Amino acid sequence: PGAPLPLMPLLLALTLLSPWGSAGGSCPPRCVCASNILSCSQAMLSSVPAPLPRFTAVLDLSHNNVSRLRADWAPGRLAHLHALLLSHNGLSFVSTEAFTHVPHLRHLDLSSNRLRALEENLFSDLAELEVLLLYNNEISAVDRTAFDNLSRLRKLYLGQNRIARFPLELLRDGSRLPQLALLDLSANRLRSLPVGELQALPAWLRDRLYLHGNPLACDCPLFQLVARGRRRRLSAVMDFQEELRCLLPTAPAPIGILALAGRQPLNCSEAREAVLEAHLGDTVTLSCDTRLRGVRSRHWVTPGGERVLEEGGNGSAALLANGSLQLRALRPEDAGTYACWVAGPLLNETLYVELLVHNFTLHGPHDTLNTAYTTLVGCILSVVLVLIYLYLTPCRCCCCRGTEKPPAPRDDSINSSVLSATPNHAAGVPGEPCRSRLASTTGPGQNGRFKVGGTPQPPPRHGPKAQRKVSDPDSVSSVFSDTPIVV
């Protein structure tokens with residue numbers, strides 16, 4: 001009967017040392033308190049219990065009926081609170097000032113509620129937030145500033161909502177959420193994706209970009225995006241290959257995106273991974289697009305087997321601070337497959353980049369094109385000048401205007417106009433500018449040109465065509481031989 005007496009001082013001492021003593025506050029009704037953890041899950045609460053102990057670090061209010069989270073749910077500053085769980089509450093309203101008194105919150109769970117929109121600057125007071133769970137809500141509108149000031153956010157879960165526009169601003173340039181390593185947009189209402197900009201993202205971010213379960217429209221760029229992810233063994237593709245499906249207008253049900261290879265009507269083909277083309281003398285940068293974060297070391301191996309370490313390069317090749325390899329003044333022997341060896345905290349990875357070096361400078365094809373174009377224009381201009389010289393050039397013998405040329409027969413006007421040539425001025429002698437014309441009237445010849453030992457005249461014929469002349473092939477060639485060719 002005297003055994004319980006020594007326990008009284010011990011119980012009193014434990015009460016004074018416990019955080020739930022009179023100095024720190026009492027555990028709220030229908031809640032379970034353990035150290036700095038306050039669990040009020042499944043307690044049929046319609047509001048946050050008050051007052052909350054100031055030393056609370058983890059507050060679990062899940063599976064209750066707290067439909068509205070007002071600014072006064074925590075009237076005092078809870079400097080130690082780092083985890084707040086509010087899932088399965090039918091929550092439909094969250095005040096933009098609801099997190100003013102919990103600035104050190106790192107984990108916030110608002111999943112499985114009835115939220116329809118994320119208002120302006122809704123989470124801007126949570127500068128230390130790392131994990132935000134918003135999946136299984138009714139969210140269809142996301143303000144562009146809803147996630148501002150979340151510089152430490154690493155995981156954002158937006159799956160199983162009604163989002164129809166891809167929030168690319170969360171990923172572009174890495175300025176808004178620089179630490180983001182996981183973005184879940186699965187099971188939403190996305191019908192198209194900015195494939196080009198997603199492909200430009202670093203592999204470590206695409207590794208945890210979950211897009212399965214959306215009604216995406218089938219096209220070849222989407223297929224190539226997923227196929228590259230499979231080749232790189234990205235988690236978002238390898239873990240959900242069956243759920244990555246798209247819609248074809250001719251198909252009654254969604255089909256696998258990876259099944260589009262060689263399938264009608266698209267007949268998509270995989271693009272080659274990491275192939276870079278350049279020209280002689282160029283400077284190029286090969287990216288080591290690893291999916292690992294926290295890389296401890298990396299180095300490159302050239303096609304010739306030479307290692308390029310972090311300490312420097314081999315003259316024309318140098319390793320940059322971001323792990324890329326820069327090649328200067330490219331030569332034909334620089335072409336080939338380069339390997340980037342990456343050592344991560346848990347595992348290693350090897351990436352390959354194929355470099356194609358064209359055997360001419362970048363301006364070579366343009367110079368060749370310009371030369372060909374100039375030559376073509378010169379030829380056309382030469383032909384035009386020859387035609388003008390043959391048919392439109394007037395008589396340049398100013399001293400012979402008084403000499404009349406015998407008219408040609410009427411029945412030979414066509415042949416004479418085609419085969420007749422302009423007098424050869426180069427054959428004249430100073431002081432005798434009209435010698436060729438005078439000679440044509442006395443000597444044998446054709447079309448008004450004097451010929452020495454030329455083709456003899458055929459015997460005269462009888463009939464209406466008796467006066468037709470024999471065409472001399474030398475007369476045509478002589479015309480072009482006298483005409484200067486302009487190049």
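## A walk around helix α4

Helix α4 is followed by Arg-233, whose phi is positive, near 60°. Helices here are DSSP runs of H or I with at least four residues, strands are runs of E with at least two, and both are numbered from the N terminus.

Before going on, note that this is a predicted model, where local features need pLDDT of at least 70, side-chain atom pairs count only at pLDDT 80 or more, and totals for chains, interfaces and linings use all residues. Residues are numbered from 1 along each chain as its sequence is written, and side-chain values use heavy atoms, leaving out hydrogens and water.

Helix α4 covers residues 220-231 and reaches 16 Å from its first C-alpha to its last, close to the 16 Å expected at 1.5 Å a residue (that is, 1.5 Å times one less than the number of residues). At its N-terminal end, Asp-219 acts as a cap, with a side-chain oxygen 2.9 Å from the backbone nitrogen of Leu-222. Leu-222 is also among the buried residues of α4, as are Phe-223 and Gly-229; buried means under 20% relative accessible area, with a 1.4 Å probe and protein chains only.

Several elements help cover those buried residues:

| Covering element | Residues |
|---|---|
| α2 | 195-199 |
| β14 | 216-217 |
| β15 | 245-247 |

Helix α5 belongs to that cover too, and Ser-235 lies in it, within residues 235-238. Ser-235 is buried, with a relative accessible area of 16%. Leaving aside neighbours within four places in sequence, Ser-235 is in contact (heavy atoms within 4.5 Å) with Asp-207, Arg-208, Tyr-210 and Phe-240.

Methods
Buried < 20%, exposed > 50% of the residue type's maximum accessible area, 1.4 Å probe, protein only. Polar contact = N/O pair within 3.5 Å; in protein donor to acceptor, adjacent residues only side chain to side chain.
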